[in-house]
Amino acid sequence: MRAALKTLQPHMPSPWSLDGFVHNLADHRGRTIELRAAHFEVLRDGNRTSGMWVEEPSLDVIYWDVTLPALREAAIAHEIAHMVLDHPRRVLTGRDVDDLVVPRGASTSGRPEAARVLFRHDYEA
């Protein structure tokens with residue numbers, strides 16, 4: 001954990017800016033990181049996802065729940081921690097990802113066939 005913090009520290013802008021940090025981290029990793037608002041559905045067990053990291057072939061996407069604006073920065077930072085610590089993800093199809101983050105009836109296009117995904121419901125609190 002300390003090694004990860006040492007790796008991140010040079011990329012933290014002063015004054016602090018989450019968007020600046022994400023940009024710097026993306027440059028450091030050599031992969032685009034996009035931040036996208038989403039409306040997560042309540043899961044069958046009653047839980048709700050507040051953030052999700054999707055590792056697509058050419059970029060990383062971090063979704064945060066638009067209905068929880070006060071938690072935006074915390075949810076994004078949490079997903080970045082998973083990214084930096086290289087936590088295991090599971091493979092989902094593009095349609096599975098859309099089912100998690102796209103409101104019913106909305107059309108999507110350009111989603112890859114599969115992506116590696118990690119979201120809050122995948123681990124114990």
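## Contacts, confidence and a nonpolar pocket

Beyond the residues up to four places away in sequence, L18 touches R72, E73 and I76. The model is predicted. L18 itself sits in helix 2. Its relative accessibility is 6%, so L18 counts as buried, the cut-off being under 20%. The pairing with E73 spans 55 residues in sequence, yet the two C-alpha atoms are 7.1 Å apart.

**R72 from the other side**

R72, one of the residues that L18 touches, lies in helix 3. Its own contacts, leaving aside neighbours within four places in sequence, are L18, D19, L35 and W64. R72 is partly exposed because its relative accessibility is 24%, between the limits of 20% and 50%. G51 is 21 residues away from R72 along the chain, and 8.5 Å separates their C-alpha atoms.

H39 belongs to a loop, the one between strand 1 (32-38) and strand 2 (51-55). With a relative accessible area of 33%, H39 is also partly exposed. H39 and L68 are 29 residues apart in sequence. Their C-alpha atoms are 9.3 Å apart in space.

The three residue pairs are set out here.

| Pair | Separation in sequence | C-alpha to C-alpha distance |
|---|---|---|
| L18 and E73 | 55 residues | 7.1 Å |
| R72 and G51 | 21 residues | 8.5 Å |
| H39 and L68 | 29 residues | 9.3 Å |

**Overall build**

The protein has four helices and five strands. Read from the N terminus, their order is α-α-β-β-β-α-β-α-β. Long-range contacts carry much of the count: among contacts with a separation of 6 or more, 63% join residues 24 or more positions apart. Of the 125 residues, 37% count as buried. The accessible surface comes to about 7,600 Å². Carbon and sulfur atoms account for 53% of that surface.

The loop between helix 1 and helix 2 contains P15. The peptide bond from S14 to P15 is cis, with omega near 0 degrees. For context, most peptide bonds are trans.

**The second largest pocket**

This pocket has a volume of about 160 Å³. It is lined by 12 residues, and those closest to its centre are L5, L8, A77, I80 and A81. What is the chemical character of the lining: nonpolar, polar or charged? The lining holds 12 nonpolar residues, no polar ones and no charged ones. Helix 1 (2-8) and helix 3 (72-84) each supply at least two residues of the lining. Helix 3 gives the most, with four residues. Helix 3 is also the helix in which R72 lies.

**Where confidence holds and where it drops**

The mean pLDDT of the protein is 75. Residues that reach 70 or more make up 68% of the protein. Which element has the highest confidence, and which the lowest? Helix 2 (residues 18-29) is highest, at a mean of 94. Strand 5 (residues 114-119) is lowest, at 51. L18, found in helix 2, thus falls in the element of highest confidence.

Two stretches have pLDDT below 50. One covers residues 103-109, where the model has four contacts beyond four places in sequence. The other covers residues 120-125, which have 12 contacts in the model beyond near neighbours in sequence.

Note on methods. Residues numbered from 1 in each chain as written. Predicted model: local features only at pLDDT ≥ 70, side-chain atom pairs only at ≥ 80, totals over all residues. Heavy atoms only, no water. pLDDT = per-residue confidence, 0-100. Contact = heavy atoms within 4.5 Å. Buried < 20%, exposed > 50% of the residue type's maximum accessible area, 1.4 Å probe, protein only. Areas by Shrake-Rupley, 256 points an atom, 1.4 Å probe, with all protein chains shown as cover. 1 Å grid on protein atoms, 1.4 Å probe; cavity = no way out; pocket = protein on both sides within 12 Å on 5 of 7 lines; lining within 4 Å. Points joined across faces, edges and corners; volume = space filled by probe spheres on them. Nonpolar A, V, L, I, M, F, W, Y, C, P; charged D, E, K, R; others polar.
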